[in-house]
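Got your viewer ready? Keep the selection panel handy and follow along from stop to stop.

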Amino acid sequence: MDSALPNKRKARRPGARASLKRVFHRERQINRSAAGNGLLFFLMAICGAFMVLPIVMIVNNSLKPLDEIFQFPPRIFVRNPTFENFSDLFVLMNDSWVPFSRYILNTIIITGCGTVGHVICASLAAYPLSKHDFPGKNTLFSLVILSMMFSWTVTQIPNYMIITYLGINNTHLALILPACAFGMGLYLMKQFMEQLPDSLIESARLDGAGEFGVFWRIIMPNVKPAWLTLAIFQFQTLWGNTGYLFLRDEELKPLQFAMQAITRGGAQRAGASAAVALIIAAIPITFFLVCQSNILETMTTSGIKE
């Protein structure tokens with residue numbers, strides 16, 4: 001009798017597991033119906049088509065001859081593609097008394113240094129605000145949030161006065177230094193670092209790691225999706241900055257200023273302007289595609305939980 005009981009219990013287990021599988025399968029069928037998924041994908045396809053339409057038009061306009069650019073009603077797709085717009089743009093840039101390579105170098109300096117500086121400053125400031133307790137911590141973070149409530153046009157005059165007082169007006173630092181102190185990056189990094197478990201930091205300290213070692217070897221690798229997302233946002237902002245408020249010398253101005261000067265040339269430069277629009281949009285889109293997986297991870301993950 002005793003030896004038969006385990007066999008009966010073993011015989012019941014497959015049936016119980018099968019019933020549980022049927023229940024779970026039925027719940028999945030109720031929660032994820034084929035009609036609901038089809039409707040969801042249909043709506044997402046419509047939204048995706050509207051989002052990709054401007055990019056498609058930018059690419060096609062850059063390949064259109066002048067007669068198709070001024071055609072009414074306008075057509076989305078090009079009929080007779082040509083590269084004359086890019087050749088016209090190349091001729092216009094070569095006629096400038098400042099070399100085209102100089103505009104590119106200025107843009108690389110401003111965008112690269114501003115993006116790296118912003119990520120480093122925001123991460124260094126977010127670490128003590130998220131993982132240390134000190135007097136005035138909540139007040140400082142409230143000031144950071146308050147600074148995000150004002151648009152750039154409201155703080156334009158105070159920023160110009162500060163840059164002039166520091167003596168860095170008409171230099172690249174006039175664009176790089178304010179980019180390093182943008183409050184949105186600090187807020188994003190702090191919120192993401194707070195989700196890291198304190199036990200991870202304590203174990204690193206027990207192993208002999210200092211504060212900078214904990215920050216560089218533990219914190220930064222675990223918040224990589226956050227600071228890559230921050231780098232993309234800051235890259236896009238600096239890439240579109242013309243620097244007209246602080247930069248006066250032509251040899252210090254970025255590529256965006258030269259591109260916008262071409263677009264103000266009138267109807268005879270419409271083809272070159274279409275090529276300019278493609279170049280302006282191509283670099284941020286390429287940078288986004290390279291780091292796309294990390295952006296999606298930042299938006300979907302909830303961090304490391306204990």
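Start by selecting Leu92, Met93, Ser96, Ala258 and Ile262: of the 11 residues lining the second largest pocket, these lie nearest its centre. A pocket here is an open set of points on a 1 Å grid over the protein atoms alone, where a 1.4 Å probe fits, with protein on both sides within 12 Å along at least five of seven lines; a lining residue has an atom within 4 Å of a point. Two elements give two or more residues each to this lining, α4 (84-94) and α13 (255-263). Helices are DSSP runs (H or I, at least four residues), numbered from the N terminus.

Before moving on, a word on what you are looking at: this is a predicted model, in which local features need pLDDT of at least 70 and side-chain atom pairs count only at pLDDT 80 or more, while totals for chains, interfaces and linings use all residues. Residues are numbered from 1 along each chain as its sequence is written, and side-chain values use heavy atoms, leaving out hydrogens and water.

Still at this pocket, about 160 Å³ of space lies inside, a volume being the space filled by probe spheres set on the points, which are joined across faces, edges and corners. α13 provides the largest share of the lining, 4 residues. By class, the lining has 7 nonpolar, 1 polar and 3 charged residues. (Ala, Val, Leu, Ile, Met, Phe, Trp, Tyr, Cys and Pro count as nonpolar, Asp, Glu, Lys and Arg as charged, and the others, Gly among them, as polar.)

Keep α13 selected and add helix α14 (residues 270-290): their axes come within 9 Å and cross at roughly 150 degrees. That makes α13 roughly antiparallel to α14, the term for angles over 145 degrees. The axes are lines fitted to C-alpha atoms over the stretch in contact, and angles run from 0 to 180 degrees between N-to-C directions. Which residues meet here? On the α13 side, pick Gln256, Met259, Ile262 and Thr263; on the α14 side, Ala272, Ser273, Val276, Ile279 and Ile280. Contact means heavy atoms within 4.5 Å. This contact holds 6 nonpolar, 3 polar and no charged residues.

Next, jump to the largest pocket, with a volume of about 840 Å³. Select Trp152, Thr155, Asn159, Pro178 and Phe182, the ones nearest its centre among 27 lining residues. Now colour α7 (156-166), α8 (173-180), α9 (183-193) and α12 (224-239), the elements that each give two or more residues to the lining. Which of them gives the most? Pick α8, with 5 residues. The whole lining has 17 nonpolar and 10 polar residues, and no charged ones.

Two of those helices are worth a look together: α9 and α12 pack at about 165 degrees, with axes 10 Å apart. They are therefore roughly antiparallel to each other. Show Gly185, Leu188, Met189 and Phe192 in α9, which meet Ala226, Trp227 and Leu230 in α12. Count 6 nonpolar, 1 polar and no charged residues in that contact.

For the last stop, keep α12 and add helix α5 (residues 100-131), which packs against α12 at an angle of about 145 degrees, with the axes 9 Å apart. Among the α5 residues in this contact are Thr107, Ile110, Gly114 and His118, and the α12 side includes Trp227, Gln234 and Trp239. This contact divides into 9 nonpolar, 6 polar and no charged residues.

Terms used. Angles under 35 degrees count as roughly parallel, over 145 as roughly antiparallel, 65 to 115 as roughly perpendicular and the rest as oblique.
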